[in-house]
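Open your viewer, load the model below and keep the selection tool handy. We will begin with the whole chain and then move on to a few places worth a click.

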Amino acid sequence: MADQALRKAPLAGRHGGSAGARVTPAAPATRLSLRAGTDALDALSSAFGLTLPTRPKTSASANGRHALWLGPDEWLLIDENGADLMAAAANAGVLHSATDVSHRNTAVLVSGPNAAEAIAAACPLDLGKTAFPVGAAARTVLGKIEIVLLRTGKEDYRVECWRSFSPYAFGMLAEGAEDAGL
């Protein structure tokens with residue numbers, strides 16, 4: 001057996017925040033950047049085990065798998081159980097474009113009663129309960145970087161970013177969480 005390079009988790013050992021907002025690295029996950037036309041949605045939804053959302057700022061989640069609407073023909077799929085999303089896409093039998101971005105992205109979880117305030121310290125998106133309810137997803141910015149934000153619960157958010165920017169994102173969120181806890 002050949003030796004394999006081991007990829008270190010970009011945020012291993014980091015923690016931050018306050019009593020009002022906790023910031024933690026997310027566990028490893030598989031991710032897929034998906035592009036497809038409307039004629040492929042039913043087959044792809046069936047292959048992934050959840051209905052791909054078709055409206056702006058929406059997502060679908062089932063059994064640790066999330067599909068986030070990013071554009072009229074674009075989704076980010078995240079599987080927290082490490083499933084082979086590329087194989088699922090290939091088995092759909094319809095025209096689409098799928099790219100595994102598991103090693104490009106990582107995520108930071110922000111939770112607690114002041115989680116929205118912690119994120120809002122560096123993100124211009126309105127995170128109010130009406131404007132950004134549970135299940136809302138959007139591509140936006142955090143400070144100077146692009147992120148994809150998913151509201152997973154009443155006080156819980158998943159911040160997806162490129163792993164090369166993850167120390168910056170984590171630092172911004174940790175600082176926002178400290179300020180939100182004052």
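Among contacts in the chain between residues at least 6 apart in sequence, what percentage join residues at least 24 apart? The answer is 60%. Keep in mind as you look around that this is a predicted model.

**Stop 1: the whole chain.** Show the cartoon, and you will find four helices and eleven strands. The radius of gyration is 17 Å, close to the 16 Å that the globule rule gives for 182 residues, so the chain is as compact as a globular protein of that length. Along the principal axes, the C-alpha atoms fill a box of roughly 55 × 50 × 30 Å. Now switch on the surface: the chain exposes about 9400 Å², and carbon and sulfur atoms supply 53% of that area. Of the 182 residues, 45% count as buried.

**Stop 2: strand β6.** Select residues 74–79, which form β6. Six of the six residues are buried, so the strand is largely enclosed by the rest of the structure. In a regular strand the side chains alternate between the two faces of the sheet. Colour Glu74, Leu76 and Ile78 for one side of β6, then Trp75, Leu77 and Asp79 for the other; both faces are covered.

**Stop 3: the partners of β6.** Add residues 30–35, strand β3, which runs antiparallel to β6 and is joined to it by six bridges. Click Leu34 here, and its bridge partner in β6 is Trp75. Next add residues 65–71, strand β5, which also pairs with β6 in the antiparallel sense, over six bridges. Arg65 stands opposite Asp79 of β6, and a hairpin of two residues leads from β5 to β6.

**Stop 4: another hairpin.** Move to β9 (residues 137–142) and β10 (residues 145–153), an antiparallel pair with six bridges. Val141 faces Glu146 in β10 as its opposite number. Two residues lie between these strands, and in this hairpin Gly143 takes a positive phi near 60°.

**Stop 5: the cysteines.** How many disulfides does a search of the whole structure find? It finds zero. Select Cys123, and the nearest cysteine sulfur, that of Cys161, is 12 Å away. Likewise, Cys161 is in no disulfide, with the sulfur of Cys123 as its nearest cysteine sulfur. Are these two residues buried or exposed? Cys123 is buried, with a relative accessible area of 4%, and Cys161 is buried at 1%.

Definitions and conventions:
Residues are numbered from 1 along each chain as its sequence is written. This is a predicted model: local features need pLDDT of at least 70, side-chain atom pairs count only at pLDDT 80 or more; totals for chains, interfaces and linings use all residues. Side-chain values use heavy atoms; hydrogens and water are left out. A disulfide is a pair of cysteine sulfur atoms within 2.5 Å. Buried means under 20% relative accessible area, exposed over 50%, partly exposed in between (1.4 Å probe, protein chains only). Two strands pair if DSSP finds at least two bridges between them. The radius of gyration is taken over C-alpha atoms; the globule rule is 2.2 Å times the number of residues to the power 0.38. Contact means heavy atoms within 4.5 Å. Accessible areas come from the Shrake-Rupley method with a 1.4 Å probe; for residues, only the protein chains shown count as cover.
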